[in-house]
Amino acid sequence: MTDCIFCKIAAKQIPSRTIFEDEDLIAFHDINPAAPVHFLIVPKQHVATLADCDESHADLLSKMMLLAPQLAKEQGCGYVAGEQDAGSGGFKAQFNTGPDGGQEVYHLHLHVIGGPRPWRGQR
Ligand code: 5GP
Ligand code: ZN
């Protein structure tokens, strides 16, 4: 997609603060962070929304989801299973989908949002 901003970021035509890249995915800091840590995990392949995914995208989605906690840990907002009493640590992993889902960029992306609270507009 020539006019897609995330395709352009994946192709290095637009710069980003990249934190991870492999043959399938790129992850970079959100330009307008909602919290101390806010990055996006984006497939290099153009897929418009989560609702456009089918069985053929299962491996890609799995890879995106499993990368989220790994990169969250590296970015300082990780969560260790069983540490719910620690009082901090953890993140949101979110696919905004469609107009009522608040999606602005129609290239599939997984938001990972975390870090010490308060966050922008939230406690
Ligand atoms: P959506 O609302 O589509 O789920 O989220 C799109 C996200 O992409 C927003 O949080 C927005 O700040 C981020 N974003 C939009 N354009 C750019 C850009 O050029 N660079 C980066 N790093 N993030 C962007
Ligand atoms: Zn795209």
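**Exercise 1. The shell around the ligand**

How many nonpolar, polar and charged residues does the shell around ligand 1 have? Determine also which residues and elements supply this shell in the predicted model.

*Solution.*

Step 1. Count the surroundings: 16 residues surround ligand 1. The closest are D30, E104, V105, H109 and H111.

Step 2. Sort the shell by class. There are 7 nonpolar residues, 7 polar residues and 2 charged residues.

Step 3. Assign the shell to secondary structure. Two or more residues come from each of the elements α1 (5–10) and β2 (25–29). The greatest contribution is that of α1, with 3 residues.

**Exercise 2. Polar contacts and burial of the ligand**

Identify polar contacts of ligand 1 with the protein, using the cut-off of 3.5 Å between N or O atoms. Then state how much of the ligand is covered and where it sits.

*Solution.*

Step 1. Examine the oxygen atoms of the ligand. An N or O atom in the side chain of H109 lies 2.7 Å from an oxygen atom of ligand 1. For N96, a side-chain N or O atom is found 2.9 Å from an oxygen atom of the ligand.

Step 2. Examine the nitrogen atoms. Here the partner belongs to the backbone: an N or O atom of I31 is 3.3 Å from a nitrogen atom of ligand 1.

Step 3. Evaluate the coverage. On its own, ligand 1 has 520 Å² of accessible area, and the protein covers 86% of this.

Step 4. Locate the site. Ligand 1 occupies the largest pocket.

**Exercise 3. Overall fold and dimensions**

Give the order of the secondary-structure elements, and decide whether the chain is as compact as a globular protein of its length.

*Solution.*

Step 1. List the elements. The protein has 2 helices and 5 strands, arranged from the N terminus as α-β-β-β-α-β-β.

Step 2. Compare the radius of gyration with the globule rule. The protein has a value of 15 Å, close to the 14 Å given by the rule for 123 residues, so the protein is as compact as a globular protein of that length.

Step 3. Add the dimensions. The C-alpha trace spans about 45 × 30 × 30 Å along its principal axes.

**Exercise 4. Backbone geometry**

Which peptide bond is cis, and where does K12 lie?

*Solution.*

Step 1. Inspect omega. The bond from R117 to P118 is cis, with omega near 10°. P118 is placed in the segment after β5 (110–114).

Step 2. Inspect phi. K12, a residue other than glycine, has a positive phi near 65°. K12 belongs to the loop between α1 and β1 (18–21).

Conventions
Residues numbered from 1 in each chain as written. Chains lettered and ligands numbered in written order. Predicted model: local features only at pLDDT ≥ 70, side-chain atom pairs only at ≥ 80, totals over all residues. Heavy atoms only, no water. Near = heavy atom within 4 Å. Polar contact = N/O pair within 3.5 Å; in protein donor to acceptor, adjacent residues only side chain to side chain. Areas by Shrake-Rupley, 256 points an atom, 1.4 Å probe, with all protein chains shown as cover. 1 Å grid on protein atoms, 1.4 Å probe; cavity = no way out; pocket = protein on both sides within 12 Å on 5 of 7 lines; lining within 4 Å. Sits in = over half its atoms within 2 Å of the grid points. Helix = DSSP H or I, 4+ residues; strand = E, 2+ residues; numbered from the N terminus. Nonpolar A, V, L, I, M, F, W, Y, C, P; charged D, E, K, R; others polar. Rg over C-alpha atoms; globule rule 2.2 N^0.38 Å.
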